[in-house]
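Visitor: Could you walk me through part of this structure? I would like short answers.

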Amino acid sequence: MAADKKGSHIKGTKKQLPDGWITGAFRYAIFPTDEQKQRLEMAFGCERKIYNEYVAGLVEHLTSIEFSGGFLTYKVPNYTTITNRFDFLDKSNDAFVYNDAKIRFQAAIKKYNETYGKRPLHYKKSVQKKMKAGYVPSLRDVKGLPKFHSKKQGGFSYTTNQTNGNIRIESRDGATFLRIPKFPEGIPVRLHRELPADGLIKKATIKREGDRYIVAISVDYPFEKLQLVEKVATSKITALDYSQSDLYMDSEGQKAEYPRFHELIGKRQRRLNKSLARMKERAMKDENGQPVYSKNYRQTVVHYQKTMAKAANQRNDFLHKRSHQITNDYDAIVVEDLDLSNLAQCLKLGKKLHDNGFGMFRNMLKYKAERKGKHYIVADRFFPSSKLCSACGTKKENLRLSERTYTCAHCQAVIDRDHNAALNLKNYGIRKLSNLGFLAAPVSS
Ligand SMILES: [Zn+2]
């Protein structure tokens with residue numbers, strides 16, 4: 001829902017913001033008491049349980065209709081049908097906890113349909129290999145289907161939406177508290193930066209990362225964007241070509257020098273993973289045959305989550321700094337239009353993080369450019385940035401992926417493949433700016 005400048009909601013509007021308003025996320029550390037931690041963990045657990053029940057229902061449905069690919073239609077049941085089935089689920093929970101599971105699950109289905117809805121069943125690479133050796137795949141091996149959330153991998157979060165001021169920041173007795181539904185006493189929070197004074201809180205996501213608790217508050221607020229740069233010099237245009245190994249290469253031939261966060265922490269992660277597996281194997285079993293985890297095991301799990309959270313934070317810091325720098329240094333940034341779902345395999349941090357650095361990076365570049373009055377240009381999907389010669393414009397039809405150096409048969413230019421592509425993107429941007437009248441010295445053509 002959008003709000004007008006006085007802060008009242010405009011009925012019937014979705015997502016549209018008043019002119020001059022933007023949405024921003026503000027992350028703060030929160031310090032719940034031990035008792036509050038228990039309640040938060042309970043809420044996370046309930047959220048996960050409901051989500052997993054949705055997945056179980058989906059698997060059952062797909063099995064019964066012998067799903068063989070294509071568009072997936074599944075009517076998601078109401079969460080109350082699930083909460084009624086399990087006594088241990090806290091009925092007094094904030095309804096958003098359960099609703100959130102439903103929203104996330106629906107989003108996962110939507111994502112599946114957008115990516116795989118028009119294709120036959122798609123299996124993971126590792127599974128495809130096993131299938132050649134006679135393995136019969138199950139629905140669990142299908143790529144992109146919503147997965148069960150495990151305790152180890154996280155998903156320790158839930159989102160609660162704003163209705164009538166139920167999310168707010170309060171100060172009393174010299175301390176600051178986060179007020180969210182079911183926590184009327186407030187959770188201590190450290191506001192290392194102020195929320196925008198005229199902002200409207202839309203929702204709050206409470207999460208645990210390792211052993212730290214965090215709230216991400218989404219706020220709509222008025223923001224004075226800088227005026228769009230009207231005359232762009234060609235030296236103030238840069239283009240970034242996506243690179244699998246190093247995030248991107250720019251049109252000056254500079255690499256991103258993207259630290260391989262996953263490799264840096266990978267060793268530690270693998271060691272923790274191994275010891276977890278060992279502990280699981282040795283764990284005592286209860287009367288139902290379920291393992292009883294030791295305190296040591298639980299501590300190792302938290303340690304593992306901390307390692308993952310640290311890597312994600314380091315990567316985000318890097319992406320923020322770099323996008324900040326680029327949008328300061330240049331007046332126009334050109335990127336290619338990528339189908340990022342195909343790239344999900346690349347650049348990922350840990351196998352389970354589903355991290356796509358470049359997708360995040362593009363988003364950051366886009367909104368930072370917009371706020372600073374810079375041009376953010378996305379080349380047309382069919383623009384052959386790799387195949388053109390950046391020196392003479394000849395198109396090479398049969399460029400193989402393995403050719404890391406571009407050699408032009410027409411003008412004999414020899415240039416690094418990614419650098420060549422970045423230069424083509426820059427030329428694309430120059431033409432585009434020229435057509436729109438934003439180039440300092442228009443090119444003739
Ligand atoms: Zn050439």
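Guide: What follows is a set of questions and answers about a predicted model.

Visitor: In what order do the four strands of the open sheet lie?
Guide: The pairing in this open sheet is mixed. Strands E11 (247–250) and E15 (375–378) each pair on one side only, as edge strands. Reading across, the order is E11-E10-E14-E15.

Visitor: How many bridges join E10 to E11?
Guide: Strand E10 spans residues 237–243, and E10 and E11 run antiparallel. One of the pairings links Tyr242 to its bridge partner Tyr248 in E11. The number of bridges joining E10 to E11 is four.

Visitor: Which helix packs on the sheet?
Guide: Look for a helix that touches E10, E11, strand E14 (332–335) and E15. Its direction makes about 140 degrees with that of E10. This is helix H9, residues 417–435.

Visitor: What span is expected for helix H8, at 1.5 Å a residue?
Guide: H8 covers residues 357–371, which is 15 residues. From its first C-alpha to its last, H8 reaches 21 Å. That is close to the expected span, 21 Å.

Visitor: How wide an arc do the buried residues of H8 cover around the axis?
Guide: The buried residues are Gly357, Phe358, Phe361, Arg362, Leu365 and Ala369. An α-helix has 3.6 residues a turn, so residues three or four places apart point the same way. The buried residues of H8 lie on the same side of the helix because they cover an arc of only 130 degrees.

Visitor: Which residue with a positive phi follows H8?
Guide: Look just past the end of H8. The phi there is near 75 degrees. The residue is Gly373.

Methods. Residues numbered from 1 in each chain as written. Predicted model: local features only at pLDDT ≥ 70, side-chain atom pairs only at ≥ 80, totals over all residues. Pairing = 2+ DSSP bridges. Helix = DSSP H or I, 4+ residues; strand = E, 2+ residues; numbered from the N terminus. Contact = placed C-beta atoms within 7 Å. Axes fitted to C-alpha atoms, helices over the stretch in contact; angles between N-to-C directions. Expected span 1.5 Å × (residues − 1). Buried ≥ 20, exposed ≤ 12 C-beta atoms within 10 Å, placed from the backbone. Arc of directions from axis to C-beta.
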